[in-house]
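Colleague: Hi! I've got a new structure to go through and would love some company. Could you pull it up so we can chat it over?

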Amino acid sequence: MNMLQGAPWLLAHKSMLTVDKPHKISLYGKDYVLWKDRQGNINALENMCPHMGAMLSAGWCQAKPDGSATVVCPFHALEFDARGCTILPGSHKQTLPQLAPLELIIQGDFIWSYGGYEPKISIPNILNEIAANYELVGATGECSIATDLRSMLLNMHDYNHQNGTHRELFKITEVQFGNFIDEGHHSHAYYDMPTAPSSLQEKIKNPALSIMPKVLSAHLENHFPHLVIFHGNLPAGTVAQCHLFVPESETSTRTYVLLFARLKHPLFRLMRKNFLEMVNVVVEQDANILSNIYPNAPQKIKLNNEVGMDWVHRNFDSFPAIELPNLSTK
């Protein structure tokens with residue numbers, strides 16, 4: 001199955017990593033241990049200890065006087081530095097590298113990787129631009145979903161599912177599609193979503209409903225295959241809700257959201273937790289529907305406004321090339 005080898009993947013934002021604590025990540029069917037030291041350096045190694053196969057991500061980090069850190073195997077306490085070297089007990093001599101590092105590309109607080117493959121498309125600059133102009137509210141919704149990358153992206157570019165999958169959360173009554181602008185691996189989708197009135201009880205249960213407009217206008221900016229950004233103007237301020245995707249394996253895709261905002265009033269900062277919880281529910285709802293779809297089901301009917309899904313299929317099938325037609329005319 002095509003996992004688009006040669007595309008860049010955003011493994012994490014630095015804020016998602018705890019200093020001197022190992023984190024497990026998966027990419028292209030391989031597991032890695034990722035850690036951040038006190039100097040802010042990010043390191044990644046193969047996750048399997050070369051001695052007896054223990055997961056290094058289940059171990060701990062050993063801080064060094066200079067602020068660097070090694071990752072320690074939980075089985076026999078072997079320490080591995082960023083190059084994958086260790087010192088065997090009793091030898092007092094450093095070994096040659098025993099574990100292959102995962103090549104990382106650090107741009108500000110963003111941690112990218114091509115997973116060891118030759119780059120075929122470049123890393124977009126959009127997240128750096130957002131970080132320079134917005135405040136990071138936080139990361140949320142991180143989970144692994146038992147679905148392939150194509151199915152995940154088809155769901156994210158299915159503009160007809162908002163009043164089905166997310167109806168209860170936002171009280172969306174319908175989707176009024178505007179237009180789709182195709183720029184190859186970059187695209188924009190615009191549509192409006194009228195919402196039903198919320199009762200006081202519903203607003204108490206979900207405070208975010210109190211700032212929802214009567215018509216939620218969506219501008220989705222898409223960067224194939226790793227990123228979908230929801231640009232929204234709310235009474236609370238302007239938001240950039242960045243959905244990220246990482247192919248863990250042929251049958252598992254990791255997703256998470258980085259939420260950025262320009263808040264209009266300091267009081268809205270008190271609702272940061274509510275914003276993050278609401279986005280987390282969005283991810284949970286998408287994960288739930290993906291787990292309730294029959295795999296490889298034939299699509300016997302087609303709805304209006306599936307141009308985003310056509311865009312996904314087109315780019316998957318032609319990757320890394322971009323083929324005509326220009327889908328914005330459909």
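Modeller: Happy to. One term before we start: a residue counts as buried when its relative accessible area is under 20%. Also keep in mind that this is a predicted model.

Colleague: Thanks. Is Cys-85 buried or exposed, then?

Modeller: Cys-85 has a relative accessible area of 3%, so it is buried.

Colleague: How many disulfides does the structure hold?

Modeller: The count is 0. For Cys-85, the nearest cysteine sulfur belongs to Cys-49 and is 13 Å away.

Colleague: And why is there no bond for Cys-143?

Modeller: Its closest cysteine sulfur, in Cys-242, is 17 Å off, which is too far for a bond. Cys-143 is partly exposed, with 23% relative accessibility.

Colleague: Back to Cys-85 for a second. I see Leu-96 touching something; which residues does Leu-96 touch?

Modeller: Leaving aside residues up to four places away in sequence, Leu-96 touches Gly-84 and Cys-85. Leu-96 sits in the loop between β7 (79-80) and β8 (105-107).

Colleague: Is Leu-96 buried or exposed?

Modeller: Exposed, with a relative accessible area of 69%. Its C-alpha atom is 49 Å from that of Gly-308, a residue 212 places along the chain from Leu-96.

Colleague: New topic: aromatics. How many aromatic pairs turn up?

Modeller: Searching the whole structure gives 10. One of them is Tyr-159 with Phe-180, a tilted pair with 6.5 Å between centres and 40° between planes.

Colleague: Where do those two sit in the chain?

Modeller: Tyr-159 is in the loop between α2 (149-156) and α3 (162-165), while Phe-180 is in strand β11 (residues 176-183). They are 21 residues apart, and the pair links distant parts of the chain. Tyr-159 is buried at 0% relative accessible area, and Phe-180 is buried too, at 4%.

Colleague: Got another example?

Modeller: Sure, Phe-224 and Phe-319 are also tilted, at 6.4 Å centre to centre and 55° between the planes. Phe-224 lies in the loop between β13 (215-223) and β14 (227-234) and Phe-319 in the segment after α7 (307-318), so this pair ties together parts that are 95 residues apart in sequence. Phe-224 is buried at 3% relative accessibility, and Phe-319 is buried at 14%.

Colleague: Which residues do ring pairs link into a cluster?

Modeller: Tyr-159, Phe-177, Phe-180, Tyr-191, Phe-224, Trp-311, Phe-316 and Phe-319.

Colleague: Last one: what lies over the face of Tyr-134?

Modeller: That's Arg-262, 4.2 Å from the ring centre.

Note on methods
Residues numbered from 1 in each chain as written. Predicted model: local features only at pLDDT ≥ 70, side-chain atom pairs only at ≥ 80, totals over all residues. Heavy atoms only, no water. Phe/Tyr/Trp six-rings, centres within 6.5 Å; stacked < 30°, edge-to-face > 60°. Helix = DSSP H or I, 4+ residues; strand = E, 2+ residues; numbered from the N terminus. Buried < 20%, exposed > 50% of the residue type's maximum accessible area, 1.4 Å probe, protein only. Lys NZ or Arg CZ within 6 Å of the ring centre and 35° of its normal. Contact = heavy atoms within 4.5 Å. Disulfide = S-S within 2.5 Å.
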